[in-house]
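User: Could you take a close look at one part of this protein for me, the open sheet and the spaces around it? I'd like to know how it is put together and what lines the gaps.

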Amino acid sequence: MAAIAERIADTPADGSAPATVDRAEQPDDQIVQLAQADWSDYERLLEIRGESASPRLTFIDGVLELMTPSWNHDWDKTTLARLLETWAIEVGVAMDGAGSWTIKSKLAKRGAEPDECYLLEPIAKEPSRPDIAIEVVRTSGGLNKLEVYRALEVPEVWFWQHGRLQFYGLEGDQYQHRERSRLLPQLDPALIEACMGAPTQTEAIRQLRQSLGAER
């Protein structure tokens, strides 16, 4: 565990890359899983990492996962966030972003850090969880994030994977796959998916605004 802690302390927060880099040629995420970890290990690594952007930590059933996102990963999550926030402004939806908020429960022994997450207004004074958690999936073999979020009682989890946006809503104590978000039913996933294919984030937002303007 000490070796992992040293790696966390040395991880640079800036994962930027030149705008001219071809995203298709970039390496994918690096994932390390530590078995037989306990809650104190998880909290210790959170403390050591501090405000650094990586690695992102997930804890479930005694397994601690450390994920260092690739440039591709963070490009996708940032583009998606910018599109969603632009969409919300354009259509008049009140929602607040909370970034990679560390959501955890000592009682449930679960902890997660979504790529992005959102709360819909009105917002409680001290919210314990987001309304929507978003995960970008680029590398197989990670933990079951739905099981983590289920115990944390996050109402909706969205996955961006293979160019598609997938929605899971919590019904009772299980997630159900949905064609659209129940919390934001007016959001057309096909429109977001099309804009995500743009070569730059500026172009993605321009395409979104053009499409929304044409619909009015």
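Analyst: Let's start with a gap and work outwards. In this predicted model, β2 and β3 each put at least two residues into the lining of the largest cavity. The full lining is R56, T58, E65, M67, E113, D115, E135 and K145. By type, that's six charged residues, one polar and one nonpolar. The space inside comes to about 40 Å³, and a search of the whole structure turns up one cavity of 30 Å³ or more.

Now for the sheet that β2 and β3 belong to. It's an open sheet of five strands, paired antiparallel, and the order across it reads β1-β3-β2-β6-β5. What happens at the edges? β1 (30–34) and β5 (103–105) sit there with a single partner strand each, so one side of each has no neighbour in the sheet. Going from one strand to the next, the twist averages 15°.

Zoom in on the β5 edge. Its link to β6 (residues 110–112) is made by three bridges, with the two strands running antiparallel. Along that pairing, I103 stands opposite A112 in β6.

Next, the helices. Helix α4 (residues 145–152) packs on the sheet and touches β2, β3, β5 and β6, with its direction at about 115° to that of β6. Helix α2 (residues 39–49) lies across β2 (56–60), β3 (63–68), β5 and β6 too, and runs at about 170° to β2.

That leaves one more space to look at, the second largest pocket. It holds about 330 Å³ of space. Its lining counts 21 residues, and the closest to the pocket's centre are V137, T139, G142, L143 and K145. The elements giving two or more residues to this lining are β3, β8 (132–136), α4, β9 (156–161) and β10 (164–171). As for chemistry, the pocket lining splits into eight nonpolar, eight polar and five charged residues.

If you want a place to begin on screen, try K145: it's in the lining of the largest cavity, and it's also among the residues closest to the centre of the second largest pocket. From there you can follow α4, which touches β2, β3, β5 and β6, and then β3, which helps line both the largest cavity and the second largest pocket.

Notes
Residues numbered from 1 in each chain as written. Predicted model: local features only at pLDDT ≥ 70, side-chain atom pairs only at ≥ 80, totals over all residues. Heavy atoms only, no water. Pairing = 2+ DSSP bridges. Helix = DSSP H or I, 4+ residues; strand = E, 2+ residues; numbered from the N terminus. Axes fitted to C-alpha atoms, helices over the stretch in contact; angles between N-to-C directions. Contact = heavy atoms within 4.5 Å. 1 Å grid on protein atoms, 1.4 Å probe; cavity = no way out; pocket = protein on both sides within 12 Å on 5 of 7 lines; lining within 4 Å. Points joined across faces, edges and corners; volume = space filled by probe spheres on them. Nonpolar A, V, L, I, M, F, W, Y, C, P; charged D, E, K, R; others polar.
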